[in-house]
Amino acid sequence: SAHPFQPTQSISPFTMAQQSTPTSEATQAPENAAELQFGPEFDDIHILSNGQVAVILQVSARSALNKDEELNDVYRKTQKYVDRFNTMTNPEKEHQELVDELDNLNSALTTFRKETDEGEEMELHAFEVAALMNLVATDTLVEEAVALIPSLQRFSEAAIDEILDLIRSTMIRIVS
């Protein structure tokens with residue numbers, strides 16, 4: 001059975017570089033995360049948070065151990081990075097509990113909607129969802145979140161605080 005965080009398309013940085021075709025600067029807008037402008041290679045991918053990657057790596061490590069396979073250097077370096085920066089973890093929690101909490105938070109952030117004064121509905125971009133899940137701590141302030149993820153400034157301060165509350169409550173459930 002497929003893991004809930006399994007990307008629908010497997011793309012490594014190497015295949016991405018091979019897939020992207022060079023175009024002239026005049027026809028392609030520059031990538032800019034602060035303005036949520038990404039290249040076409042990011043159109044059909046699922047962005048994962050460090051917590052989600054950690055879960056996938058744990059499952060694959062167990063699988064490799066059961067098959068008496070050795071983990072490669074890229075795996076070990078990725079695991080080290082994720083372990084260092086993943087704030088959504090608790091070794092005392094059941095694996096499925098963490099998966100469920102991360103799924104629920106990802107879903108809550110993905111479905112988060114706010115209406116502008118002009119009646120336009122705004123939602124979080126997948127990049128913002130993953131960045132928020134990676135960067136936000138239980139004491140993160142609105143100003144810090146906007147400094148870390150500048151594209152959030154299109155939301156009101158109250159809306160950003162609402163987003164941060166979703167993350168805080170999940171983090172508290174995970175670490176307690």
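1. A word on terms before we start: contact here means heavy atoms within 4.5 Å. Please also keep in mind that this is a predicted model. With that in hand, what covers the buried residues of α2? The cover includes α3 (73-85), α4 and α5 (126-135). The buried residues of α2 themselves are N50, G51, Q52, V53, A54, V55, L57 and A64.

2. A quick check on the geometry of α2 comes out well. The helix has 17 residues, and at 1.5 Å a residue these should span 24 Å; the end C-alpha atoms of α2 are 24 Å apart, so the two values agree.

3. Now for the neighbour of α2 that you may want to look at in your viewer. Helix α2 (residues 50-66) and helix α4 (residues 95-110) have axes that come within 10 Å and cross at roughly 150 degrees. Because angles over 145 degrees count as roughly antiparallel, α2 is described as roughly antiparallel to α4. The crossing of α2 past α4 is left-handed.

4. Which residues make that contact? On the α2 side they are G51, Q52, V55, Q58, V59 and R62, and on the α4 side H95, V99, L102 and N106. By class, the residues of this α2 and α4 contact comprise four nonpolar, five polar and one charged. Of the α2 residues in the contact, G51, Q52 and V55 also appear among the buried ones.

5. Helix α4 has a second partner to visit. Its axis lies 10 Å from that of helix α7 (residues 157-175), and the two pack at an angle of about 175 degrees. This makes α4 roughly antiparallel to α7.

6. Where α4 and α7 touch, α4 supplies L98, E101, L102, L105, A108 and L109, while α7 supplies I163, L166, I167, T170, R173 and I174. The classes here are nine nonpolar, one polar and two charged residues. L102 is worth clicking on: this α4 residue takes part in the contact with α2 and also in the contact with α7.

7. Finally, two backbone spots for your attention. L36, in the loop between α1 (13-19) and α2, has a phi near 55 degrees, a positive value in a residue other than glycine. D68 follows just after α2 with a positive phi of about 60 degrees, and it sits in the loop between α2 and α3. Is D68 buried or exposed? Its relative accessibility is 73%, so D68 counts as exposed, the cut-off for that being over 50%.

Note on methods. Residues are numbered from 1 along each chain as its sequence is written. This is a predicted model: local features need pLDDT of at least 70, side-chain atom pairs count only at pLDDT 80 or more; totals for chains, interfaces and linings use all residues. Side-chain values use heavy atoms; hydrogens and water are left out. Axes are lines fitted to C-alpha atoms, for helices over the stretch in contact, and angles run from 0 to 180 degrees between N-to-C directions. Helices (H or I, at least four residues) and strands (E, at least two) are DSSP runs, numbered from the N terminus. Angles under 35 degrees count as roughly parallel, over 145 as roughly antiparallel, 65 to 115 as roughly perpendicular and the rest as oblique. A crossing is left-handed if the near helix is turned anticlockwise from the far one by less than a right angle, and right-handed if clockwise. Ala, Val, Leu, Ile, Met, Phe, Trp, Tyr, Cys and Pro count as nonpolar, Asp, Glu, Lys and Arg as charged, and the others, Gly among them, as polar. The expected span of a helix is 1.5 Å times one less than its number of residues. Buried means under 20% relative accessible area, exposed over 50%, partly exposed in between (1.4 Å probe, protein chains only).
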